[in-house]
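Subject: Structure handover and notes on the ligand site

Dear colleague,

I am passing on the structure below, together with an account of what was found in it. Please read the notes with the coordinates open beside you.

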Amino acid sequence: MKVAVYPGSFDPITLGHIDIAKRALKVFDHLIILISNNPHKETLFTSEERMDMVKDAMKECLDKIDVFTSNDLTVKQSKKLGATHIVRGLRAVTDFEYEFQMTHANRVLEKGIDNIFFMTDNMYSFMSSTTVKEIAMFKGELSTFVSPYVEEKLKEKF
Ligand code: ADP
């Protein structure tokens, strides 16, 4: 069984993240969505809230998905979970520099895990959790960015 880990902050999960997860599921038998719980990174939602939103967003594929939180290095955690690949999404060239550094750092840390990149649908290429939070803060229209459940949760926060 081919297992991959899709790590990220998912603060909150957007339609762009869902698009990448669904693309990865066409290639891998099982996908573990790993929600980072980095004490140095301030998030709007707690890890429990982020997990709840990820599970709701992916509810049609829960038989092929696990959702966990992580306090460890992604490569280490991925190895422990039996994954061979780390999935990341690419939106534009601006994502490349960061992903390039991360991939090479990961290879030094753990040789058995490789990174694999999927490009999002054009309609999501401008979308980020940061943008979504800004739109929510100013009470903008959210339905083209997030699921109805996440939209509700964002409205509760602001
Ligand atoms: P991180 O803090 O690790 O960047 P994010 O939750 O912001 O976590 O993103 C997780 C992954 O999903 C990253 O690979 C990021 O490039 C990708 N991603 C985020 N938004 C989109 C999007 N709109 N389309 C495609 N990939 C995306």
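The residues of the shell around the ligand fall into three classes, with six of them nonpolar, six polar and five charged. Please keep in mind throughout that this is a predicted model, and that what follows is computed from it.

The ligand and its contacts

In total 17 residues surround the ligand, and the closest of them are Y6, S9, K41, G89 and M127. Among these, S9 places a polar side-chain atom 2.6 Å from an oxygen atom of the ligand. Nitrogen atoms of the ligand are approached too: a backbone N or O atom of Y124 lies 2.9 Å from a ligand nitrogen, while for T120 a polar side-chain atom is found 3.5 Å from a nitrogen atom of the ligand. Taken on its own, the ligand has 550 Å² of accessible area, and the protein covers 89% of that. As for the elements behind this shell, those that contribute two or more residues to it are β1 (3-8), α1 (15-25), β4 (85-90) and α4 (93-109).

The pocket

Where does the ligand sit? It occupies the largest pocket, which holds about 1,200 Å³ of space. The lining of this pocket comprises 47 residues, and those nearest the pocket centre are P7, G8, S9, K41 and R88; S9 and K41 are also listed among the residues closest to the ligand. At least two lining residues come from each of β1, α1, β2 (30-36), α3 (74-80), β4, α4 and α5 (129-137), and of these α4 gives the most, supplying eight residues. Sorted by class, the lining of the largest pocket is made up of 18 nonpolar, 20 polar and nine charged residues.

Backbone geometry between β1 and α1

Two backbone features deserve a look before you set anything up. In general, most residues other than glycine have a negative phi, and most peptide bonds are trans. F10, which lies in the loop between β1 and α1, has a positive phi of about 50° although it is not a glycine. The peptide bond that joins D11 and P12 is cis, with omega at about 0°, and P12 likewise has its place in the loop between β1 and α1.

With best wishes

Note on methods. Residues are numbered from 1 along each chain as its sequence is written. This is a predicted model: local features need pLDDT of at least 70, side-chain atom pairs count only at pLDDT 80 or more; totals for chains, interfaces and linings use all residues. Side-chain values use heavy atoms; hydrogens and water are left out. A residue is near a molecule or strand if one of its heavy atoms lies within 4 Å of it. A polar contact is a pair of N or O atoms within 3.5 Å; within protein, one must be able to donate a hydrogen and the other to accept it, and residues adjacent in sequence count only if both atoms are side-chain atoms. Accessible areas come from the Shrake-Rupley method with a 1.4 Å probe; for residues, only the protein chains shown count as cover. On a 1 Å grid over the protein atoms alone, a cavity is a set of points where a 1.4 Å probe fits but cannot get out, and a pocket is an open set with protein on both sides within 12 Å along at least five of seven lines; lining residues have an atom within 4 Å of a point. A molecule sits in a cavity or pocket if more than half of its atoms lie within 2 Å of its grid points. Helices (H or I, at least four residues) and strands (E, at least two) are DSSP runs, numbered from the N terminus. Ala, Val, Leu, Ile, Met, Phe, Trp, Tyr, Cys and Pro count as nonpolar, Asp, Glu, Lys and Arg as charged, and the others, Gly among them, as polar. Grid points are joined across faces, edges and corners, and a volume is the space filled by probe spheres set on the points.
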